[in-house]
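Please find below some notes for a colleague opening this entry without prior acquaintance. They are set out as numbered points, to be read beside the sequence and the structure.

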Amino acid sequence: MRRHALTYRSFGNPLEKLNIETTEVPSRAEGKLRVRMLCAPINPSDLIPITGAYSHRINLPAVAGYEGVGRVIDAPRKYSYLTGKRVLPLRGVGTWQTILDCDAALAVPVPDAIPDVVAARAYINPLAALTMLETWPVKGKRVLLSGAGSNCADYLGAWAYRHGAKEVAGIYRSDSRIARLETLGIKPISIQDASQISDVARKSDLVFDSLGGPVAAGILQSMAPESTFIAYGLLTGQAIQLNTKPSAHYRRFHLRDSLAKTSADAWQQKFSNIWKLLGQTDMPRYQVLPGQDWRKAIEVALHPKGQKMLLDFTDWRQ
């Protein structure tokens, strides 16, 4: 059996550093599930580590990709009931490959009613959004999202209303995002409208920021005392630099930090909640391309107005 994997051996531009590597698959390690990948999305959180932004915690060479869905083709006796079932093979090796082994206790079974394209995207953004809303309750509060139009902001906005938020506004870069935001009930604010951003920031109780950089700094400086600013992303690639100490409470959120304290049972319970929410949420459309067309898919994903992309690994046969 042979494995095809999108691998990087040094840091830099993903289009330059990623290469398809084909190897023989070794024997399955004890306690692991062997999974044949079906599909995986392309997220900023998949591409940013390739640039070297988190080089201190990545051992090279590495296979790219943090989420996706696959089918179990071999399992330990204790988990034999999963053979032939779809799972999310998470928190292990990269998912942008055709065959991988994952921790059986952390593999998340996928309900039959959930399509592959939904299951493949059920980890990074949904789990981050749900965890943040549980950590910083929004009931009765005004919420502002930066980087609106991203998948995580979509979930934050839609689910904030389910958690009782009074109002949700979102800062967008491309006009192509406006219709989507309005469909979700999120008030769209152009990133070019500094005056409106400042005004909404002053009235917001909670800000979930995925941008960083000057926009985030301006928001933080405008916020009222006792409001809370949560930094959970850095899509601009720029840190937040302030001239004076802000009045708002500043908090950082990293999904990996919360997962480090999560037991296997609690991990599985989180996904029981996520499956219910995803079944009630209108998710953005994805364009699906064969895994061997990964370069084209990444080019589209990197474009500000580009459609969300999904890699189909079933075109690579053993």
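1. In this predicted model, Pro126, Leu127, Leu130, Thr131 and Glu134 of helix α4 meet Trp267, Lys270, Phe271, Asn273, Ile274, Leu277 and Leu278 of helix α10. By class, the residues of this contact divide into 8 nonpolar, 2 polar and 2 charged. The two helices, of which α10 covers residues 264-278, pack with their axes 10 Å apart and at an angle of about 100 degrees. Since angles of 65 to 115 degrees count as roughly perpendicular, α4 and α10 are therefore described as roughly perpendicular to each other.

2. The pairing of α4 with helix α5 (residues 151-162) deserves a separate look, as their axes come within 8 Å and cross at roughly 45 degrees. α4 and α5 are therefore oblique to each other, and their crossing is right-handed. On the α4 side the contact is made by Asn125, Pro126, Ala128, Ala129, Leu130, Met132 and Leu133, while α5 contributes Asn151, Cys152, Tyr155, Leu156, Trp159 and Ala160. The contact of α4 with α5 has 11 nonpolar and 2 polar residues, and no charged ones.

3. How much of α4 is buried? This helix is mostly covered, with 10 of its 12 residues buried, namely Ile124, Asn125, Pro126, Leu127, Ala128, Ala129, Leu130, Thr131, Met132 and Leu133. These buried residues pack against α2 (44-51), α5, β12 (206-209), β13, α9 (255-259) and α10. As for the length of α4, its 12 residues should span 16 Å at 1.5 Å a residue, and the end C-alpha atoms are 16 Å apart, which agrees.

4. Within α4, which comprises residues 124-135, one may follow Asn125 in particular. Asn125 has a relative accessible area of 13%, and because the cut-off for a buried residue is under 20%, Asn125 counts as buried. Leaving aside residues up to four places away in sequence, Asn125 touches Asn43, Asn151, Cys152 and Tyr155; Asn151, Cys152 and Tyr155 also appear on the α5 side of the contact between the two helices.

5. Helix α5 is likewise mostly covered, 10 of its 12 residues being buried, and among them are Asn151, Asp154, Tyr155, Gly157 and Trp159. For α5 the expected span is 16 Å at 1.5 Å a residue, and its end C-alpha atoms are 17 Å apart, which agrees. The helix is followed by Gly164, whose phi is positive, near 95 degrees.

6. Two loop residues may be read side by side, beginning with Met223, which lies in the loop between α8 (213-222) and β13 (228-231). Met223 is buried, with a relative accessible area of 3%, and it touches Ala201, Arg202, Val207, Thr228, Phe229, Ser247 and Ala248, not counting residues up to four places away in sequence. The C-alpha atoms of Met223 and Ser198 are separated by 8.1 Å, although these residues are 25 residues apart along the chain.

7. Is Asp193, in the loop between β11 (187-190) and α7 (194-203), buried or partly exposed? With a relative accessible area of 30%, Asp193 is partly exposed. Along the chain Asp193 and Ile171 are 22 residues apart, and their C-alpha atoms are separated by 9.3 Å.

Note on methods
Residues numbered from 1 in each chain as written. Predicted model: local features only at pLDDT ≥ 70, side-chain atom pairs only at ≥ 80, totals over all residues. Heavy atoms only, no water. Helix = DSSP H or I, 4+ residues; strand = E, 2+ residues; numbered from the N terminus. Buried < 20%, exposed > 50% of the residue type's maximum accessible area, 1.4 Å probe, protein only. Contact = heavy atoms within 4.5 Å. Axes fitted to C-alpha atoms, helices over the stretch in contact; angles between N-to-C directions. Parallel < 35°, antiparallel > 145°, perpendicular 65-115°, else oblique. Left-handed = near helix turned anticlockwise from the far one by under 90°. Nonpolar A, V, L, I, M, F, W, Y, C, P; charged D, E, K, R; others polar. Expected span 1.5 Å × (residues − 1).
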